[in-house]
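Thanks for coming, everyone. Let me put the sequence and the model on the screen, and then walk through it.

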Amino acid sequence: MNMTEENRKILERINTYANEVMGDIDPQKVPVSVQLDKLRPIMETIAAEKNMSLEDFFILYMDLQSEASCLTDKKMRDQLEDLNAGEGMPILYR
């Protein structure tokens, strides 16, 4: 999947909503099912706007989140590669 401008806006809209409704939730401690319940209203709204079932929209959302995570990881690796080009101890990233 390629992160289109439309997909980027969808993800940004969900993330903005998530910050509003889950700002005090620790994602490492709260089950994913609870987190998704909090996101359900915005997902239902966007799914209706896109004439998609909630299930199909959820799959799209998960794909977009995965792609965004991969892009963030690649960006971090690229930045560390630049930092590691000089002298001294390398910075490791896993």
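Which residues line the largest pocket? Asn15, Ala18, Asn19, Met22, Val32, Gln35, Leu36, Leu39, Tyr61, Met62, Gln65 and Ser66 do. Before going on, some ground rules. This is a predicted model, where local features need pLDDT of at least 70, side-chain atom pairs count only at pLDDT 80 or more, and totals for chains, interfaces and linings use all residues. Residues are numbered from 1 along each chain as its sequence is written, and side-chain values use heavy atoms, with hydrogens and water left out.

Back to the pocket. On a 1 Å grid over the protein atoms alone, a pocket is an open set of points where a 1.4 Å probe fits, with protein on both sides within 12 Å along at least five of seven lines; lining residues have an atom within 4 Å of a point. The volume is about 200 Å³, meaning the space filled by probe spheres set on the points, with grid points joined across faces, edges and corners. Three elements give two or more residues to the lining: α1 (5-21), α2 (32-49) and α3 (54-83). By type, the lining has 7 nonpolar residues, 5 polar and no charged. Here Ala, Val, Leu, Ile, Met, Phe, Trp, Tyr, Cys and Pro count as nonpolar, Asp, Glu, Lys and Arg as charged, and the others, Gly among them, as polar.

Now the overall fold. The chain has 3 helices and 0 strands, in the order α-α-α from the N terminus. Helices (H or I, at least four residues) and strands (E, at least two) are DSSP runs. Of 94 residues, 23% count as buried. Buried means under 20% relative accessible area, exposed over 50%, partly exposed in between, with a 1.4 Å probe and protein chains only. The accessible surface, by Shrake-Rupley with a 1.4 Å probe, is about 7200 Å², and carbon and sulfur atoms hold 52% of that. Contact means heavy atoms within 4.5 Å. Among contacts with a separation of 6 or more, 50% join residues 24 or more positions apart.

Next, the core. In soluble globular proteins, nonpolar side chains tend to be buried together. The largest nonpolar core here holds 18 residues, and Ile10, Ile14, Leu39, Phe57 and Tyr61 touch the most other members. Such a core is a set of buried Ala, Val, Leu, Ile, Met, Phe, Trp, Tyr and Cys residues joined through side-chain atoms within 4.5 Å. Take Phe57. Beyond four places in sequence, Phe57 contacts Ile10, Ile14, Met43, Ile46, Ala47 and Met52.

On to Gln35, one of the pocket-lining residues. Is Gln35 buried or exposed? Buried, at 15% relative accessible area. Gln35 sits in α2, and outside its neighbours within four places it contacts Met22, Pro27 and Val30. Ile25, in the loop between α1 and α2, is 10 residues from Gln35 in sequence and 8.5 Å away, C-alpha to C-alpha. With the same neighbours set aside, Ile25 contacts Val30 and Lys38.

Last stop, the loop between α2 and α3, where we find Asn51. Most residues other than glycine have a negative phi. Asn51 is not a glycine, yet its phi is positive, about 55 degrees. Asn51 is also exposed, with a relative accessible area of 73%. Ser53 shares that loop between α2 and α3, and counts as partly exposed at 30%. From Ser53 to Met43, 10 residues apart along the chain, the C-alpha separation is 9.9 Å.
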